[in-house]
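Dear colleague,

I am passing on the structure below. My notes on cysteines, cores and aromatic rings follow it.

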Amino acid sequence: MNTWKLIYDKFVPEEENLREALCTLGNGYFGTRGAAPENVATKVHYPGTYVAGVYNELITEIAGRGVANEDFVNCPNWLMLNIRVNGGPWFDRLKTKILSWKVELNMKKGVLSRRVRWQDSQGRITLMENHRIVSMANPHFGALRCTITPENYSGKITIRNGIDGLIINAGVERYKQLNSKHLEPVTFGCFGKDGIFLKMQTNQSKIQITEAVRTLVYCNNQRIEPSMRVLTHGKERILKELTLEVEQGKKYTVDKVMSLYTSRDQGVVDNCQIAQESLARIENFEAIYKPHVARWKALWQDFDIEIDGDDFAQLVLRLHTFHLLQVASSYNEEIDAGLPARGLHGEAYRGHIFWDELYAYPFYTLRAPEITRALLMYRYRRLSAAKEYAREHGYRGAMFPWQSASAGNETTQVVHLNPLSGKWGPDYSSSQRHVSIAIAYNVWTYVYTSGDNDFLDRYGAEMFLEIAHFWSSISRINEKTGRYDIEGVMGPDEFHEKLPGAEKGGVKNNAYTNVLVAWIMEKALTLLGHMPDEKRHALLLKIGVDEKEVDRWKDISKKITVPMGDDGIIHQFEGYMDLKELDWDEYRAKYDNIHRIDRILKSEGLSPDEYKVAKQADTLMMFYTLNDGEIKKTFETLGYPFSEDLFRKNYDYYMKRTSHGSTLSRIVHAYLAERVGYEDLAMEFFMQAMRSDIYDTQGGTTQEGIHCGVMGGTIDLFLRWVAGLSIQDDKISLNPKLPKEWKRIKFRVRYRSIWFTVEIQKEKVIVKATLLQRLPLQSDSAILIDIRGKTQKLTIGQATTISL
């Protein structure tokens with residue numbers, strides 16, 4: 001198996017949408033799905049290009065009410081390119097005799113290739129080879145090379161290529177009842193001898209999008225000038241037809257180079273002009289290809305994970321790394337955009353930003369922390385919107401929305417379509433206030449790992465304390481218990497939207513939420529305690545917090561409610577133990593797949609609110625986010641009993657009641673299974689998570705967009721479990737546990753300003769520490785690292801071998 005490539009050697013219509021998603025190319029600024037250049041949107045194919053941060057809101061009439069949806073806009077299709085022979089029909093693989101077909105995604109170089117030999121009705125055989133890139137060296141460039149070889153004929157070949165703005169958002173079946181035409185034309189035209197451009201804009205947010213292309217034609221590496229004509233379809237599609245006189249056996253190369261700019265780009269006055277001018281110096285595909293490949297080589301040096309002994313795991317971890325680097329890159333420092341839960345790969349979740357970043361951020365923070373900082377700045381720029389959202393609900397501080405898009409307001413639907421019943425129902429998921437917990441957690445772990453005190457001083461501390469202020473304002477003292485309660489929230493579970501029979505959404509005292517709120521309060525006090533008096537006073541004044549409020553935070557950190565039984569089982573929320581048990585065996589026998597048991601129950605006229613069922617880890621999430629020491633400290637500070645078997649008891653209890661309806665569930669349960677000693681179960685969950693996107697195990701979701709959370713989660717799980725990586729007491733710790741079949745692993749991580757190159761074998765660990773070049777430390781400085789509980793000293797620049 002080639003662990004650097006995805007290879008498809010046959011065409012399977014039912015799997016094309018999945019292949020197109022997995023073969024998406026991107027660079028953090030924009031992504032283009034892996035549809036073939038001749039394809040238009042059908043049930044089989046779905047071309048799509050998505051620019052980070054480009055959203056548009058439309059209103060649809062549903063059940064007598066206007067429902068607003070802010071969508072991730074499908075931008076004009078720059079790939080359009082097709083051929084025909086001697087005036088015959090345009091190439092269509094469904095209507096042509098295919099002699100051979102191969103599609104290959106080369107992740108090492110970031111290239112998508114296709115090789116197809118086809119025979120027309122006249123017996124003429126044509127070999128067509130395509131190579132495509134989205135430049136990792138310049139965020140605005142893409143390129144397509146098409147090489148055509150007439151194998152057994154001479155004659156005329158007509159090449160039609162262009163830019164298609166006559167498109168809608170139609171990539172998600174359940175959204176098709178919603179208004180979906182987001183683009184309107186502005187202008188189009190030609191430039192130079194070989195260029196065309198199309199300028200569109202979104203019809204509500206008024207974001208201008210310009211794509212410009214040049215088409216360069218070569219025969220046996222010599223530039224030729226074929227006859228040409230320009231075609232248009234209104235102002236939304238511009239095409240150029242080139243006609244070549246071809247000779248049998250000769251190769252004809254068409255290079256299509258593209259630039260894409262929007263009115264959101266920093267420092268760009270005229271996106272239409274710069275899109276054209278930027279291509280003036282590009283003379284062929286190689287001009288974009290060579291720096292692109294060089295950039296990918298540099299990225300893989302820092303991000304690659306090597307595994308000896310498991311080709312599948314090796315392939316998938318590289319696939320996940322590849323896609324995460326395409327969703328967010330160093331270019332995000334110049335882009336005001338967050339991390340879409342489904343990447344730049346499709347329209348699922350409308351390209352919105354959720355809490356999934358909690359699973360993905362460690363991937364960036366441990367290798368390129370500047371990317372995490374850029375993504376956190378997306379949140380900081382929307383801090384005012386989060387504060388306004390809190391005020392609208394009668395709270396103080398910053399309450400971030402469950403779903404965020406352009407402005408930072410709540411973009412969660414108020415109604416949701418159940419695909420099993422076909423009915424629309426109320427959507428309470430905006431009550432998942434734990435997204436603010438994830439943001440605070442991300443700020444803390446980013447600063448702790450990267451050492452970026454500049455971010456903390458200028459942005460992070462303010463954001464963290466505003467979130468603490470919100471959780472203080474939503475907490476209410478219970479006069480009977482003397483503890484603080486939190487009501488009206490949903491936990492990560494998502495199946496429990498409210499208590500049975502309740503009219504109001506949300507539950508009371510979700511255990512995960514409350515434990516993490518206690519953690520947030522303790523960390524907020526730590527932040528304030530480390531600030532000079534003047535800085536502390538200035539920041540508290542800015543966010544409107546006085547010392548009385550700070551004292552309240554301290555009180556909450558010691559007295560928040562955690563519902564818990566005498567048997568040591570932490571209750572997911574108050575009233576959870578009064579719910580009915582589900583007959584899991586009955587439903588497994590009745591339905592092929594019960595991952596979305598919530599939809600099944602609703603289709604039967606029942607409600608998941610009535611049962612002890614969970615979509616994914618909820619109570620158990622506290623054990624995933626906090627380490628053993630933090631859990632113990634939090635419970636003891638709160639005055640709740642803590643025992644060594646607390647974790648195992650709760651894992652056993654909730655595992656039996658979880659349907660794993662989210663890909664994230666397998667990440668959490670794999671990590672926690674290993675921690676309680678269920679190694680076989682841990683590996684089973686790990687492999688399920690690894691298979692989830694490459695095989696679309698959820699049955700049709702990956703084709704709508706990858707799952708960034710599970711991709712980041714598998715890589716984080718590899719580090720936390722297999723390598724045993726943790727960061728505590730200001731140093732890296734390793735406690736490796738190689739699976740039986742694995743012989744060796746190798747990876748690089750960055751802690752603050754030190755790179756660690758780690759190679760782990762069955763009987764030894766080899767570690768080399770190197771400094772960032774700008775550091776003034778001496779080369780003979782000693783670096784401490786813990787391996788299997790023993791502290792080792794590393795000398796900068798020298799590899800150290802430690803026996804296990």
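No disulfides (pairs of cysteine sulfur atoms within 2.5 Å) turn up: a search of the whole structure finds zero. The cysteine sulfur closest to that of Cys219 belongs to Cys146 and is 14 Å away, too far for a bond. Cys272 is in no disulfide either, with the nearest cysteine sulfur, in Cys190, at 12 Å.

This is a predicted model, in which local features need pLDDT of at least 70 and side-chain atom pairs count only at pLDDT 80 or more, while totals for chains, interfaces and linings use all residues. Residues are numbered from 1 along each chain as its sequence is written, and side-chain values use heavy atoms, with hydrogens and water left out.

The largest nonpolar core (buried Ala, Val, Leu, Ile, Met, Phe, Trp, Tyr and Cys residues joined through side-chain atoms within 4.5 Å) has 230 residues. Phe747 and Phe756 have the most contacts inside this core. A second, separate core has 16 residues, including Val111 and Phe191.

There are 35 aromatic pairs (Phe, Tyr and Trp rings, the six-membered one for Trp, with centres within 6.5 Å; planes under 30 degrees apart are stacked, over 60 edge-to-face, the rest tilted). Phe354 and Trp402 form an edge-to-face pair, with centres 5.5 Å apart and planes at 85 degrees. Trp402 is buried at 2% relative accessibility (buried is under 20% relative accessible area, exposed over 50%, partly exposed in between; 1.4 Å probe, protein chains only). Phe354, at 8%, is also buried. One aromatic cluster is formed by Trp4, Trp296, Trp300 and Phe322.

Regards
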